[in-house]
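Trainee: I am new to this structure. Please take one part, the open sheet, and go through it closely, along with what lies around it.

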Amino acid sequence: FPANRISNGEFDFEGRKYIFPINEPTTNCHLHGFLHTAEFELVQQSESFVKCRYDSNELYEFFQHKFKVEITYSLSKSGLLQETCIYNLSDTNMP
């Protein structure tokens with residue numbers, strides 16, 4: 001999060017410009033957002049599921065929104081289910 005491969009590291013959304021650092025110079029893209037390295041808190045767990053949460057207690061230089069992400073992994077006879085919920089805690093719409 002945000003979405004993978006942002007061309008030229010920037011985009012506009014509702015009149016606001018978002019500029020991310022170019023971290024894949026060969027394609028001139030911002031790749032993988034910033035949550036893949038964030039530390040998530042364990043909220044709940046059992047033998048068949050785990051729920052983790054990330055709270056953005058700060059505004060990122062290139063993403064000026066507060067938000068919360070919850071990820072739940074559930075294991076059943078049908079397989080592994082991943083549910084991801086992203087909650088906007090800011091006063092403006094998030095892209």
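Mentor: What follows covers the sheet, one residue on its edge, the nonpolar core and one loop residue.

This is a predicted model, in which local features need pLDDT of at least 70 and side-chain atom pairs count only at pLDDT 80 or more, while totals for chains, interfaces and linings use all residues. Residues are numbered from 1 along each chain as its sequence is written, and side-chain values use heavy atoms, with hydrogens and water left out.

The open sheet has four strands in the order E5-E6-E7-E8, and their pairing is antiparallel. Strands here are DSSP runs of E with at least two residues, numbered from the N terminus, and two of them pair if DSSP finds at least two bridges between them. Strand E5 (41-45) and strand E8 (79-88) are the edge strands, each pairing on one side only. On average, neighbouring strands of the sheet are turned by 15° against each other, direction ignored; the axes are lines fitted to C-alpha atoms, and angles run from 0 to 180 degrees between N-to-C directions.

Strand E7 (residues 67-76) is joined to E8 by ten bridges, and the two run antiparallel. Lys-68 stands opposite Tyr-87 in E8.

At the other edge, strand E5 holds Glu-41. Glu-41 has a relative accessible area of 43% and is therefore partly exposed, a class that lies between buried (under 20%) and exposed (over 50%), with a 1.4 Å probe and protein chains only. Not counting residues up to four places away in sequence, Glu-41 touches Lys-51, Cys-52 and Arg-53, where contact means heavy atoms within 4.5 Å. Lys-51 is ten residues from Glu-41 along the chain, and their C-alpha atoms are separated by 8.6 Å.

The largest nonpolar core has twelve residues, among them Phe-67, Val-69, Ile-71 and Tyr-18. Such a core is a set of buried Ala, Val, Leu, Ile, Met, Phe, Trp, Tyr and Cys residues joined through side-chain atoms within 4.5 Å. E7 gives the most to this core, with three residues. In soluble globular proteins, nonpolar side chains tend to be buried together.

Asn-28 lies in the loop between strand E3 (16-19) and strand E4 (29-30). Its relative accessibility is 35%, so Asn-28 counts as partly exposed. Leaving aside neighbours within four places in sequence, the contacts of Asn-28 include Ile-6 and Ser-7. Ser-7 is 21 residues from Asn-28 in sequence and 6.5 Å away, C-alpha to C-alpha.
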